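The following note sets out points on pockets, surface and charged pairs for a colleague's consideration.

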Amino acid sequence: MFRILLMVLYNLIHVPTWGTQMLLYARKNDKHSEEERYRLLQKITLGANRGGRVKIHAEGMENLPEKNGFIFYPNHQGLFDVLAVLESCPKPFTVVMKKEVQNIPFLKQVFAIMRAKAIDRENVRQGMQVILDVVKEVREGRNYLIFAEGTRSKVENVPQEFKGGSFKAAMKAKCPIVPVAIIDAFKPFDRKSIAPVTVQVYYMKPIYYEQYKDMKSTELAAYVKEQITEEIGRHLNV
């Protein structure tokens, strides 16, 4: 992780302050608002990305629903995906993550500050409870990000199958779905290089409940994947 080291070294003067703030904001009894916690993460993410020579090119922010209470469904390329959306998204959101990544240094604190939810894919009951919790919070106006592939794609910029079960939360909440096409997010952390890199993020037009209410979850998953795959293809000219 040469780039992570570069991020830290570039921001060395800020590390003590940011580290202390992250520890405070990550506490369960912290009193800062979701907006305040999110802006802190954006500030740190922007500094880290600049230090790591990562540029985020984002388009489509005007497509985000005006009213909160929606779910992002991006393609999944690696650990950097959340940081790319964090820097570019003007609206606070949180994440449903697999439990295997919840203790990775730095990301552990990020997820704690976001009040993210960890899902155990081997525990059906726990997974269902996470879905119900997400449904409740989305109805109350929180925004979530869910990786429908379940794990990162092993083929660069080619989404793998989107799982129907990942869309149950949106279908139960009857909320808008925002497809997000991410390009080259595998490069910052998955390549042994510190060369400058640009990660592209495209927020697509939301899919509202009236548009998908008659679909099965597998049909909705396939439709969202198709939309994202086409968007990636347009920008890569493939």
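1. Helices and strands are here DSSP runs, numbered from the N terminus, with at least four residues for a helix and at least two for a strand. The model under discussion is predicted. With that naming, helix α1 supplies the largest share of the nonpolar surface patch, namely four residues.

2. The patch itself covers about 490 Å² and is made by Ile4, Leu5, Val8, Leu9, Leu12 and Val15. Of these, Val15 belongs to helix α2. Val15 has a relative accessibility of 36% and therefore counts as partly exposed, since the buried class ends under 20% and the exposed class begins over 50%.

3. Which residues of the patch recur in a pocket? The second largest pocket has a volume of about 430 Å³. Its lining comprises 19 residues, and those closest to the centre are Ile4, Val8, Ile44, Ala48 and Phe106. Ile4 and Val8 thus appear in this list and in the nonpolar patch.

4. Four helices each contribute at least two residues to the lining of the second largest pocket: α1 (2-10), α2 (15-25), α3 (34-51) and α5. Helix α2 gives the most, with four residues. The lining is made up of 16 nonpolar and three polar residues, with no charged residue.

5. The largest pocket encloses about 760 Å³ of space. It is lined by 31 residues, and Ile119, Arg121, Phe147, Gly150 and Ser166 are the closest to its centre. Two or more lining residues come from each of β3 (94-98), α5 (107-114), α6 (124-139) and α7 (168-173). Helix α6 gives the most, with six residues.

6. What is the make-up of the lining of the largest pocket in nonpolar, polar and charged residues? The lining divides into 17 nonpolar, eight polar and six charged residues. For the second largest pocket, the corresponding division is 16 nonpolar, three polar and no charged. Helix α5 is named among the contributors to the largest pocket and also among those to the second largest pocket.

7. The count of salt bridges comes to eleven. Side chains of opposite charge can pair when their charged atoms come close. The cut-off applied to the model is a side-chain nitrogen of Lys or Arg within 4 Å of a carboxyl oxygen of Asp or Glu.

8. One of the pairs is Asp120 with Lys99, whose closest N and O atoms are 3.5 Å apart. Asp120 is in the loop between β4 (117-119) and α6, and Lys99 is in the loop between β3 and α5, so the salt bridge ties together parts 21 residues apart in sequence. Are the two partners buried or exposed? Asp120 is buried, with a relative accessible area of 17%, whereas Lys99 is partly exposed, at 38%.

9. A second pair joins Glu137 to Lys117, with 3.2 Å between the closest N and O atoms. Glu137 is part of helix α6 and Lys117 of strand β4, so this salt bridge ties together parts that are 20 residues apart in sequence. Both Glu137 and Lys117 are buried.

10. Glu137 also forms a salt bridge with Arg142, the closest N and O atoms lying 2.8 Å apart. Why does Glu137 count as buried? Its relative accessibility is 16%, and the limit for buried is under 20%. Arg142, at 15% relative accessibility, counts as buried too. Glu137 and Arg142 belong, with Glu34 and Lys117, to a network of linked salt bridges.

11. Gly60 is placed in the loop between β1 (54-59) and β2 (71-74). Although it is in a loop, Gly60 counts as buried because its relative accessibility is 10%. Gly60 and Glu34 are 26 residues apart along the chain, and their C-alpha atoms are separated by 23 Å. Glu34 is the network member already mentioned in the preceding point.

12. Val201 is found in strand β7, which covers residues 197-203. Its relative accessibility is 0%, and Val201 therefore counts as buried. How far apart are Val201 and Asp184 in space, C-alpha to C-alpha? The distance is 9.2 Å, for a separation of 17 residues in sequence.

Definitions and conventions: Residues numbered from 1 in each chain as written. Predicted model: local features only at pLDDT ≥ 70, side-chain atom pairs only at ≥ 80, totals over all residues. Heavy atoms only, no water. 1 Å grid on protein atoms, 1.4 Å probe; cavity = no way out; pocket = protein on both sides within 12 Å on 5 of 7 lines; lining within 4 Å. Points joined across faces, edges and corners; volume = space filled by probe spheres on them. Nonpolar A, V, L, I, M, F, W, Y, C, P; charged D, E, K, R; others polar. Patch = residues over 30% accessible without salt bridge, like charges linked within 9 Å, V, L, I, M, F, W, Y side chains within 5 Å. Areas by Shrake-Rupley, 256 points an atom, 1.4 Å probe, with all protein chains shown as cover. Buried < 20%, exposed > 50% of the residue type's maximum accessible area, 1.4 Å probe, protein only.
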